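Reader: I am new to this structure. Could you take me through it and explain the words you use for it?

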Amino acid sequence: MKLSGRLLAIAEMVPPVDTVADIGCDHGKLAVWLVKNGRARRAVCGDISAPSLEKARKKAEEEGLSDRISARVGSGLSVLAPGEADAAVIAGMGGELIASILEADIGKAPDVLVLSCHSMADVLRGWLADNGFFFEDEALVEEGRHFYPVMRVRRGESRALSLNEREFGPVLLRKKPEALRRLLDRRIRETQRIYAKLERAESPRKAELLSELNETLRRYEEVRKSL
């Protein structure tokens, strides 16, 4: 079974474990791949959508894994018993929603999390750092015009993140992948366009907003020089 580039990057970020939870599993392909490829002995698929879970059940049955993959209807981590999973994957949603899912049932969250969001990665990274998780690894997947961060975090001694680390990822800033350069170049172009549009506009906060955009551009240029 072949995974998309983004799903494969998520799967490869999962360390070998006994039990993995795929929260918001949708079709269940990720859980099946993890069990088939020896990343996990068993998997728990959780989703708030019963039709999606039915797809996951059928996929597990097709692959002969019904006895090793459990499908459960429920919201977020509520489908797990405390300590049941060694790692959890939460992907395919915004960073703010992922943070709220973790906060709602933090006692059920395993020590290892593999997370991927399509927006507000800065909010998610900030929440993780503020709640006792440190960043073990990160990847940045580029699909079409979209960039998807994939991060593996673990409970332990965490530290506060800088603005740049929240936005771009502490490990990615060290690893300096080519995709990060392209993402940063896009952010610079987008900010420059907003700046030019604001310069032509009439607003009582114009000077304040232009100053904030100037600071953002300065910060981006500093990061760009370090890559």
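Author: Here are the helix pairs, a buried helix and the cores, each term set against its definition. This is a predicted model, where local features need pLDDT of at least 70, side-chain atom pairs count only at pLDDT 80 or more, and totals for chains, interfaces and linings use all residues. Residues are numbered from 1 along each chain as its sequence is written, and side-chain values use heavy atoms, with hydrogens and water left out.

Reader: Why are helix 4 and helix 5 called roughly parallel?

Author: Helix 4 (residues 95-104) and helix 5 (residues 121-130) pack at an angle of about 25°, with axes 7 Å apart. Angles run from 0 to 180 degrees between N-to-C directions, and those under 35 degrees count as roughly parallel, over 145 as roughly antiparallel, 65 to 115 as roughly perpendicular and the rest as oblique. Helix 4 and helix 5 are therefore roughly parallel. Residues in their contact (heavy atoms within 4.5 Å) include Ile98 and Leu102 of helix 4 and Trp127 of helix 5.

Reader: What makes helix 8 roughly antiparallel to helix 9?

Author: Helix 8 (residues 178-199) and helix 9 (residues 206-226) pack at an angle of about 160°, their axes 10 Å apart. That angle makes helix 8 roughly antiparallel to helix 9. By class, their contact has 11 nonpolar, 4 polar and 7 charged residues. Ala, Val, Leu, Ile, Met, Phe, Trp, Tyr, Cys and Pro count as nonpolar, Asp, Glu, Lys and Arg as charged, and the others, Gly among them, as polar.

Reader: How do you know that helix 2 is largely enclosed by the rest of the structure?

Author: Buried means under 20% relative accessible area, exposed over 50%, and partly exposed in between (1.4 Å probe, protein chains only). In helix 2, 6 of the 8 residues are buried, so this helix is largely enclosed. The buried ones are Leu30, Ala31, Val32, Trp33, Leu34 and Val35. Among the elements covering them are helix 1 (5-13), strand 1 (17-23) and helix 3 (50-62).

Reader: What makes a group of residues a nonpolar core?

Author: The group must be buried Ala, Val, Leu, Ile, Met, Phe, Trp, Tyr and Cys residues joined through side-chain atoms within 4.5 Å. The largest such core here has 33 residues, and Ile10, Val20, Ile69 and Val89 have the most contacts inside it. Helix 2 (residues 29-36) supplies the largest share of this core, 6 residues. A second, separate core of 29 residues includes Ile23, Leu77, Cys117 and Leu124.

Technical notes
Helix = DSSP H or I, 4+ residues; strand = E, 2+ residues; numbered from the N terminus.
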